[in-house]
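Colleague: I am new to reading models like this one. Could you take me through it, one question at a time?

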Amino acid sequence: MININKRDRLIESACVLFHRNGLPSTSLADIAKHADIPIGNVYYYFKTKEELALAVLDTHREKYAAAFSLLNEKLYDPRARLIEAVRTYDKKREDFARYGCPIGKIVDDADVAKDNIAKAAAQIFSEFVDWASGQFMQLGHGNDSRRLAVSLISGIQGGILLAKSLQEPKIISDETARLVDWLETIPNKKIQLGKISVRA
């Protein structure tokens, strides 16, 4: 009987190695060794590194989607959701300062205009922008919602990039605090207009 956990182990190992070493520098043999699975078994699940990379990105995408759903369910206030989302980056500042953003690293490693892997990675960022934009929309910012969402996520990614470049995790902490302060100043226009904000 095939061990159904082997596929998940390969994906988890690929997540770790792609983040640490980058996509081009990581081979299927490296991933098999890290997962403690014979290289011959890898090809049963993934014929190419591209297939495995797309599975890794599906896993990242599912984690983001689950996190957004949890925030929508747990927190009524869209501002609180945005603040909580930003603070999760500070919790991973050591890894991000050492290796960068795992999604951003894959985008950097490939040609976004041509590469299916890079396109799938970029889609995760796009969905993050869409979710954040939805929160700003609930705060009554209408046509400005997407601009605000892009500004927020640019701040996160810029902080991660600089922290990695200078190997200073505190940069992520400082940028997280700055973004939280900024979010707290964003007005809830629906409340100001006497409207009631609704759940996502």
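Modeller: Here are questions and answers on this predicted model.

Colleague: What pattern does the chain follow along its sequence?
Modeller: The chain has zero strands. Its secondary structure comes to eleven helices. Read along the sequence, the pattern is α-α-α-α-α-α-α-α-α-α-α.

Colleague: What average pLDDT does the chain have?
Modeller: Look first at how many residues score well: 92% of them reach at least 70. The average pLDDT of the chain is 91.

Colleague: Over which residues does pLDDT stay under 50?
Modeller: Where pLDDT is low, the predicted coordinates should not be read in detail. That applies to one stretch with 15 contacts beyond four places in sequence. Its pLDDT stays under 50, and it covers residues 195–200.

Colleague: How much of the chain counts as buried?
Modeller: Begin with the outside. The chain exposes about 10,900 Å², and carbon and sulfur atoms supply 53% of that area. The C-alpha atoms fill a box of roughly 65 × 40 × 30 Å along the principal axes. Of the 200 residues, the part that counts as buried is 44%.

Colleague: What share of the contacts with a separation of 6 or more comes from residues 24 or more positions apart?
Modeller: Take the contacts in the chain with a separation of 6 or more. Then keep those between residues 24 or more positions apart. Their share is 69%.

Colleague: How far does helix 1 reach from its first C-alpha to its last?
Modeller: Helix 1 runs over residues 5–21, which gives it 17 residues. At 1.5 Å a residue, the expected span is 24 Å. The model comes close to that, with a reach of 24 Å.

Colleague: Which residues of helix 1 are buried, and what covers them?
Modeller: An α-helix has 3.6 residues a turn, so residues three or four places apart point the same way. In helix 1, the buried residues are Leu10, Ile11, Ser13, Ala14, Cys15, Leu17, Phe18 and His19. Their cover includes helix 2 (28–35), helix 3 (39–45), helix 4 (49–74), helix 6 (93–99) and helix 7 (102–109).

Colleague: Which residue takes a positive phi just after helix 1?
Modeller: The phi there is about 90 degrees. The residue just after helix 1 with this value is glycine 22.

Colleague: How many disulfides does a search of the whole structure find?
Modeller: A disulfide needs two cysteine sulfur atoms within 2.5 Å. A search of the whole structure finds zero disulfides. For cysteine 15, the nearest cysteine sulfur is that of cysteine 101, at 12 Å, so cysteine 15 does not meet the cut-off. The number of disulfides found is zero.

Colleague: Is cysteine 101 buried or exposed?
Modeller: Cysteine 101 is in no disulfide either. Buried means under 20% relative accessible area. Cysteine 101 has 5% relative accessibility, so it counts as buried.

Colleague: What kind of aromatic pair do tyrosine 44 and tyrosine 45 form?
Modeller: The structure has nine aromatic pairs. In this one, the ring centres are 5.1 Å apart and the planes lie at 80 degrees. Planes over 60 degrees apart count as edge-to-face. The pair of tyrosine 44 and tyrosine 45 is therefore edge-to-face.

Colleague: How many residues apart in sequence are the parts tied together by phenylalanine 68 and phenylalanine 128?
Modeller: The two rings form a tilted pair, 5.5 Å centre to centre with 35 degrees between the planes. Phenylalanine 68 is buried at 12% relative accessible area, and phenylalanine 128 is buried at 3%. Phenylalanine 68 lies in helix 4 and phenylalanine 128 in helix 8 (residues 116–138), so the parts tied together are 60 residues apart.

Colleague: Which residues do ring pairs link into a cluster?
Modeller: Phenylalanine 68 and phenylalanine 128 both belong to it. The full cluster is Tyr64, Phe68, Tyr89, Phe96, Phe128 and Trp131.

Colleague: Where does aspartate 36 lie?
Modeller: Aspartate 36 has a positive phi of about 60 degrees, although it is not a glycine. At 65% relative accessibility, aspartate 36 counts as exposed. It lies in the loop between helix 2 and helix 3.

Colleague: Where does glutamine 167 lie?
Modeller: Glutamine 167 is not a glycine, yet its phi is positive, at about 55 degrees. With 49% relative accessibility, glutamine 167 counts as partly exposed. It lies in the loop between helix 9 (145–166) and helix 10 (170–185).

Conventions: Residues numbered from 1 in each chain as written. Predicted model: local features only at pLDDT ≥ 70, side-chain atom pairs only at ≥ 80, totals over all residues. Heavy atoms only, no water. Buried < 20%, exposed > 50% of the residue type's maximum accessible area, 1.4 Å probe, protein only. Helix = DSSP H or I, 4+ residues; strand = E, 2+ residues; numbered from the N terminus. Expected span 1.5 Å × (residues − 1). Contact = heavy atoms within 4.5 Å. Phe/Tyr/Trp six-rings, centres within 6.5 Å; stacked < 30°, edge-to-face > 60°. pLDDT = per-residue confidence, 0-100. Areas by Shrake-Rupley, 256 points an atom, 1.4 Å probe, with all protein chains shown as cover.
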